[in-house]
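Ready for some practice in reading a protein structure? Work through the exercises below with the model open beside you, and try each one before you read its solution.

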Amino acid sequence: MDDQALAQALARDLDAAFEPLVRAHADRCYAIALRVLGDPHDAEEAAQDALVRAYRALASYEAARIRELRLRPWLATIVVNVCRNRSRRGRPAALALDGLSGGAEPAAPSRDGPAAMAQAADDRERLAAALATLPERYRVPVVLRHIDDLSYSELAEVLGRPEGTLKAQVHRGLALLRAAAAEAGLEEVTA
Amino acid sequence: MTADSARLTALAVSAPANLADDVLVEVGLADRIAPLPSAIGTLWVAWNGRGVAGVDLGDDGVAIAAEHAARTGRRTHVRDALPSGLASAVARRLAGDRRAQVRLDLRGRTPFEVAVWEKALEIPFGEVRPYGWVAVEIGRPRAVRAVGTALGHNPVPLLVPCHRVVRADGLIGNYSLGGPHNKRAILASEGLDPGALEDAARRGERLVGSDTTHVVCWPTCRHARRVSQRHRVTFRTLREADALGYRPCRACRPTAADAA
């Protein structure tokens, strides 16, 4: 079921259609929360909280309003807001820089096999750690654009900023990310 | 730029496997069920984010979960234990601690059933009232039978203390949670002597009054139990008490329907 059909179904019978919504969007809600907050446990709580809030919001909306919802950006908005509120409660929003150092020198990469997979996982962790060092105003747009794959018009809806501003922030965010990644020994990301 | 995007896409991980189920349970679209030891055997307590939705007695948790799922229409996952906060709140509640808050999820039930169960919740630990009292109190004095049926369908026995509702003739009556034997055991655990209550009712002692205060009560009312033997008088009916100038207790509100 695509999101438009899902919105129709939610408008008709929230309790019947909510599970398909959760199954379709739980992964991306979690991924956004993880890359914004940096911690898997926090991210799980935030994603759960966001989806519960989504249910309660839908329960209070008129059917006509639910039918008009663009579910992807709408859910992303809730996740981003929940993450912001959690950061404000005093938790560090992202990992500290020491998450980047102390790693062993990368072994000579082969194309597949366990070593290569371990290397890929390791690179992914370093990239995630580099992402976590970005200031929030760059990190959140980069996460939404390049991890969640929202369009700039959807980003504008989620973050309430003009598309032009967001393009500049994503551009600047990627530049900062390249610099942080290079520092973490991930030169190949800047290719 | 393209390389960046490709690599960042790799950061779009999957959610932990339980996330979707946790959400569905939290909003009340799926339930969990777990065992809780009790004096009368293993209780299976089903819950979701809206409250406790079922209490049942038995050894086969899988079968009880299936029954619960069939009754509620919600997928019901069996767990090893209740969340600690819920377990302690339920245990305190069963021990008579009214300050322990246990929310109940009674969706899908009729307003009549809910009214009956809410009335049963008002009966204090260690006291009993007749079915007819519940009927009068909820404004449906002729619906005594329906009250009995509603109590028999109580999805959360012990938490809604349907065991504290007894027959008009003083007999303890039937019980959905494993039969009348359990009802007597639970009442005994609350400090009542079911046999003595039945004996007194057979002797026609359906109501108890004090000849100093001239207040008449149900026999298990805390006010009736404070009356000393010397001042204790018993009545067969409320009319009998009324004729002698006794007024009904404001706490237990004895009703004519059942005293008759």
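**Exercise 1. A bridge between chains**

Which side chain of chain A meets the side chain of B:R75 in a salt bridge?

*Solution.* Keep in mind from the start that this is a predicted model.

Step 1. Look for a carboxyl oxygen within 4 Å of a side-chain nitrogen of the arginine. The partner is A:E19, with 2.4 Å from N to O.

Step 2. Place this pair in the wider count: there are four salt bridges between chain A and chain B.

Step 3. Now follow shared partners. A:E19, A:R23, B:D21 and B:R75 are joined into one network by their salt bridges.

A general idea helps here: side chains of opposite charge can pair when their charged atoms come close.

**Exercise 2. The interface as a whole**

Describe how chain A and chain B meet, starting with how many residues of each are in contact.

*Solution.*

Step 1. Count the residues: 33 of chain A are in contact with 26 of chain B.

Step 2. Turn to area. About 2,700 Å² is buried between the two chains, and carbon and sulfur atoms give 64% of that. A:E44, A:Q48 and A:H146 supply 18% of the area that chain A buries against chain B, more than any other three residues.

Step 3. Add the polar side of the picture: six residue pairs are in polar contact across the interface. On the side of chain A that touches chain B, the elements giving two or more residues are α2, α3 (40-60), α6 (113-132), α7 and α9 of chain A. The largest share, eleven residues, comes from α2(A).

**Exercise 3. A helix that is not straight**

Where does α2(A) bend, and by about how many degrees?

*Solution.*

Step 1. Compare the span with the ideal. Helix α2 of chain A covers residues 14-37, which is 24 residues, and a straight helix would reach 34 Å, but the end C-alpha atoms are only 30 Å apart.

Step 2. Find the bend: the helix turns by about 50° at A:H25.

Step 3. Check the surroundings. Of the 24 residues in α2(A), 17 are buried, and the helix is mostly covered. Just after α2(A) comes A:G38, with a positive phi of about 90°.

**Exercise 4. A covered helix**

Which residues of α8(A) are buried?

*Solution.*

Step 1. Use the cut-off: a residue is buried if its relative accessible area is under 20%. In α8(A), this picks out A:Y152, A:E154, A:L155, A:A156, A:V158 and A:L159.

Step 2. Set that against the whole helix. Helix α8 spans residues 152-159 of chain A, and six of its eight residues are buried.

Step 3. Ask what covers them. The buried residues of α8(A) pack against α5 (71-88), α7 (136-147) and α9 (163-183) of chain A.

Step 4. Look just past the end of α8(A): A:G160 takes a positive phi of about 65°.

**Exercise 5. Salt bridges within a chain**

Is A:D148, the partner of A:R72, buried or exposed?

*Solution.*

Step 1. Identify the pair: the side chains of A:R72 and A:D148 form a salt bridge at 3.8 Å, N to O. A:R72 sits in helix α5 of chain A and A:D148 in the loop between α7 and α8, 76 residues apart.

Step 2. Apply the cut-off. A:D148 has 6% relative accessibility, so it is buried. A:R72, at 23%, counts as partly exposed.

Step 3. Try a second pair, in chain B. B:D97 and B:R99 meet in a salt bridge at 3.3 Å. B:D97 is buried at 16% relative accessibility, whereas B:R99 is exposed at 67%.

**Exercise 6. Two buried charged residues**

What does the side chain of B:E198 reach at 2.8 Å?

*Solution.*

Step 1. Locate B:E198 in helix α9 (residues 194-202) of chain B. Its relative accessibility is 9%, so B:E198 counts as buried.

Step 2. Read off the partner: the side chain of B:E198 reaches the backbone nitrogen of B:I172.

Step 3. Repeat this for B:R32, in strand β1 (residues 30-38) of chain B. B:R32 is buried too, with a relative accessible area of 10%, and its side chain makes a polar contact with the side chain of B:D22 at 2.7 Å.

Step 4. Look beyond sequence neighbours. The contacts of B:R32 include B:W47, B:T76 and B:H77.

Notes:
Residues numbered from 1 in each chain as written. Chains lettered and ligands numbered in written order. Predicted model: local features only at pLDDT ≥ 70, side-chain atom pairs only at ≥ 80, totals over all residues. Heavy atoms only, no water. Helix = DSSP H or I, 4+ residues; strand = E, 2+ residues; numbered from the N terminus. Buried < 20%, exposed > 50% of the residue type's maximum accessible area, 1.4 Å probe, protein only. Polar contact = N/O pair within 3.5 Å; in protein donor to acceptor, adjacent residues only side chain to side chain. Contact = heavy atoms within 4.5 Å. Expected span 1.5 Å × (residues − 1). Buried area = accessible area lost by both parts, 1.4 Å probe. Lists of a residue's contacts leave out its neighbours within four places in sequence.
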